[in-house]
Structures are given as C-alpha cells and as structure tokens.
Amino acid sequence: MIKNNREVAIKIDEVSKDFNLPHELNNNLKQRLLHPLKRTSTEKQHALKDVSFEIKKGDFFGIVGRNGSGKSTLLKIIAEIYAPTKGNVTVNGSLTPFIELGVGFNPELTGKENVFLNGAMLGFSKKEMASMYDEIVDFAELEKFMDQKLKNYSSGMQVRLAFSVAIRAKSDILLLDEVLAVGDINFQKKCFDYFRELKREEKTVVFVTHSMYQVKEYCTQALLIDDGKVVLTKDVDDTLDKYLQIMNPKEKNTEKLTKVKTKKKAFKVEDKNITVTESEISLDFKLSGKINRNINFAVGIKDNAMQAALKYNSVLAKHTGYKAVGSNEVNIEIKFMNILVGGTYSVDLSMLDEKSNSIASFEDIASFHIKNSKSNSGNLYGISSIKVT
C-alpha cells in the first residue's frame, strides 16, 4: 500500500507524436531556383499514439520494444528534446537525459578541455570539475588520449567520455539509453555497477533497452511499446513474456503458452554441481519430473553484466532427441572449455522439445567465480563433452 502511495516522478497523459516525412528532398538552392513553385508532398508518421502511464519515484523503469516501436521518441519527449503533438508530460524533479551524450562537445578541443566544457554545461564550476577530473578519466579509461583533439576519438570513446561526465550530475531522475553499453567488458561492467548503485539509492531511472537480461536484473517496473502504442506495463515478467511473443510470432498461441507454463511446474532441480578448473567448467544437474517425450536442453552462462558468455543448445547443435520417455529424472552433464575472463557468472538451464520450445526453464540456478587475467572470452560454443542419462 505504501508503494502505491509514492509520489509520481513522471506522468505521461495521452501523448502522441507525429512526424511529417517528405516523399522527396527539395532542399538545395538549384532545385528551388529551377522549380520555385514545386511543393514537396509529405507523409505523416505516427510515432506515438495516445501513450499514457506513470512512473513513481524510486522506480527503475524499463521500456522495451522492437526497433521503430517509439521507445527513443518517447524518451526524447520526456527529456523535452521533442515536443508532443498532443498530450501532456509532467516531470517532478530535476532530470538528466543520457540520450544525446556529447551534445556541446567541440571536436577541435582536447578531451580534457571538453570535460570542463561539458561540466560547465551541467552547472559545475571549474574547481568542482578539477576535483572530479581524475575520476572521470579513470572511469572512461581514456588516460592516454585526454590531450588529443576530440575529432580523433572514435564514436565509442566519445560516448564513454560523455557518460563519465554525465554521471556526476546529481539529478532526481535519469533517462538511460542502451547506447551506453559501449567499450570493452571492463567499461560495460562499470556502467552496470553504476546501474546497481542507482537501484540501491532508489533513484528514479527510465531505462530503454533491447536486453531482457538487463530488464530482469535491474528494473522494478517495465513497459512494452509496439507500433507507437503501450501494449503492457508494470509487471516485469509479464511485460517480457509479451515482448517475446511479439518478437517471435510463432509463440503467439496463448493456449500453447499456457500449457508450457503448466508443464514447467512439474519439474524440479534435485541436485546441481559446478566444478571449475583452469581448462574446464563442468556443470552437473539432476532434474526430476514425469518425462513423456524425448528431450533437448540449453545451458547458458552469463557474466555479471547479464551478457551471454558461454552457451549450448542441443537442437541447434543437432544433438537432438535424448531418450528419456517414461523416466522420472534426467541427469545432464556438460563441460565447457574454460575460456572465460575473471569475474562472477551465473547459469541458466532450459529443457526443450524437438523444435526448441521451452518445456521447463530455470534461471540463475547456480553461480561461480573465476580469477584469471584472460583478455577475451573466446568462442561462445566451447563444448568439451556432453552426457545425458
């Protein structure tokens, strides 16, 4: 009850956004002189259609949807980069958009000069920026490049620098775009550690992403938008289930999905064991439940940024049809070559039918830690051996 009475941070009330798209360009001087009376026809694009929802203070709010669904347009309206065609947006508190990162950067200035320039735009004094400078450079991992002109930076380097400056702003509400997942795995880890810190501090965050793992990991509420309309909002699991249905039209059969969910309850992980050596990662699982078909399975190992590090799918590998009909348990032993960099990892396991549809799934059923100094994660399909009994 207390949660429902929290103050509203952002209210979107019947917001629509239209763009007029020209069928042909007539924007150069020669064309205008030759055809002074020619009018360019346009087509109206309805990017958002009567979108309404609320975000409470302290929510880590995820927005998911296909490319072109209207996610970025919605974020830019909240940030006041775009004005809505109709409807109202109410924002209660100061807001920092992590959307157009690097706006105001001067390509002819050095990285260091741009840090102070961007900081001034965020309202920091020169003295404040000087005190934060070393932390900003360290976070961006650009120590060797700060005296070079920005025009010599890659786009990824520029985003990293802009992000490292922007997170110093002390705002009530943050708008985060998935463009932040740039750079190598170490920088991405810093970004996701920052997300966890925001969640612990109960900051209000609006997070646009395609990654279901990230929504599952960080978000307390979620919204699915498709073709400019809100399809589903609030519950994270329900929203992600619906997102999967939209992304995979073959899974839209509601009756079929209901049956799968019912079957999932009939299976249970009885035992699990993980052994990690310098050369190999061995996963042993014992599952119980009435098995009335030949089974397949998928195993995924993901890092602490919720990104796939190692994975195996017996259907895709064409190791299909493990015979287990009539059994009450199944034992799965799978060994991966240990090609992982140092860090903490978690394991997902799914039982599949012959078409790779999920019969039972278990997320984060085990975790382990690796200590080494390897520089890359290598092949995602580093299988040593498989045994199913």
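This is a short talk on the aromatic pairs and salt bridges in the protein shown above.

Hi everyone, thanks for coming. Please keep in mind that we are looking at a predicted model. Let me start with the overall picture. The protein has 389 residues, and 41% of them count as buried. Along the chain there are nine helices and 17 strands. If you take the contacts with a separation of 6 or more, 70% of them come from residues 24 or more positions apart. The accessible surface is about 21100 Å², and carbon and sulfur atoms make up 49% of that.

Now to the aromatics. How many aromatic pairs are there? The count comes to 14. One of them is Phe60 with Tyr218, a stacked pair with 6.1 Å between centres and 25 degrees between the planes. Phe60 belongs to strand E3 and Tyr218 to helix H7, so this pair ties together parts that are 158 residues apart in sequence. Are these two rings' residues buried or exposed? Phe60 is at 1% relative accessibility, so it counts as buried, and Tyr218, also at 1%, counts as buried. Both belong to one aromatic cluster, whose other members are Phe98, Phe139, Phe163, Tyr194, Phe195 and Phe207.

Rings also meet charges here. The charged end of Lys17 sits over the ring of Phe19, 5.2 Å from the ring centre. For Lys112, the ring underneath is that of Tyr133, and the distance to its centre is 5.5 Å.

On to the salt bridges, and there are 10 of those. Let me walk you through three pairs.

Glu7 pairs with Lys57, with the closest N and O atoms 3.4 Å apart. Glu7 comes in the segment before strand E1 and Lys57 in the loop between E2 and E3, so parts 50 residues apart in sequence are tied together. Both ends are partly exposed: Glu7 has a relative accessible area of 49%, and Lys57 has 33%.

Next, Arg66 and Asp226 form a salt bridge at 3.0 Å. Arg66 sits in the loop between E3 and helix H2, while Asp226 is in strand E8, so this pair joins parts 160 residues apart in sequence. Arg66 is partly exposed at 35%, whereas Asp226 is buried at 17%.

The third pair is Glu135 and Arg168, at 3.2 Å from N to O. Glu135 is in helix H4, and Arg168 is in the loop between helix H5 and strand E6, 33 residues apart. Here Glu135 is partly exposed at 48%, but Arg168 is buried at 13%.

Last one: Glu108, Lys149 and Lys151 are linked in a network of salt bridges. Thanks for listening!

Conventions. Residues numbered from 1 in each chain as written. Predicted model: local features only at pLDDT ≥ 70, side-chain atom pairs only at ≥ 80, totals over all residues. Heavy atoms only, no water. Helix = DSSP H or I, 4+ residues; strand = E, 2+ residues; numbered from the N terminus. Buried < 20%, exposed > 50% of the residue type's maximum accessible area, 1.4 Å probe, protein only. Contact = heavy atoms within 4.5 Å. Areas by Shrake-Rupley, 256 points an atom, 1.4 Å probe, with all protein chains shown as cover. Phe/Tyr/Trp six-rings, centres within 6.5 Å; stacked < 30°, edge-to-face > 60°. Lys NZ or Arg CZ within 6 Å of the ring centre and 35° of its normal. Salt bridge = Lys/Arg side-chain N within 4 Å of Asp/Glu carboxyl O.
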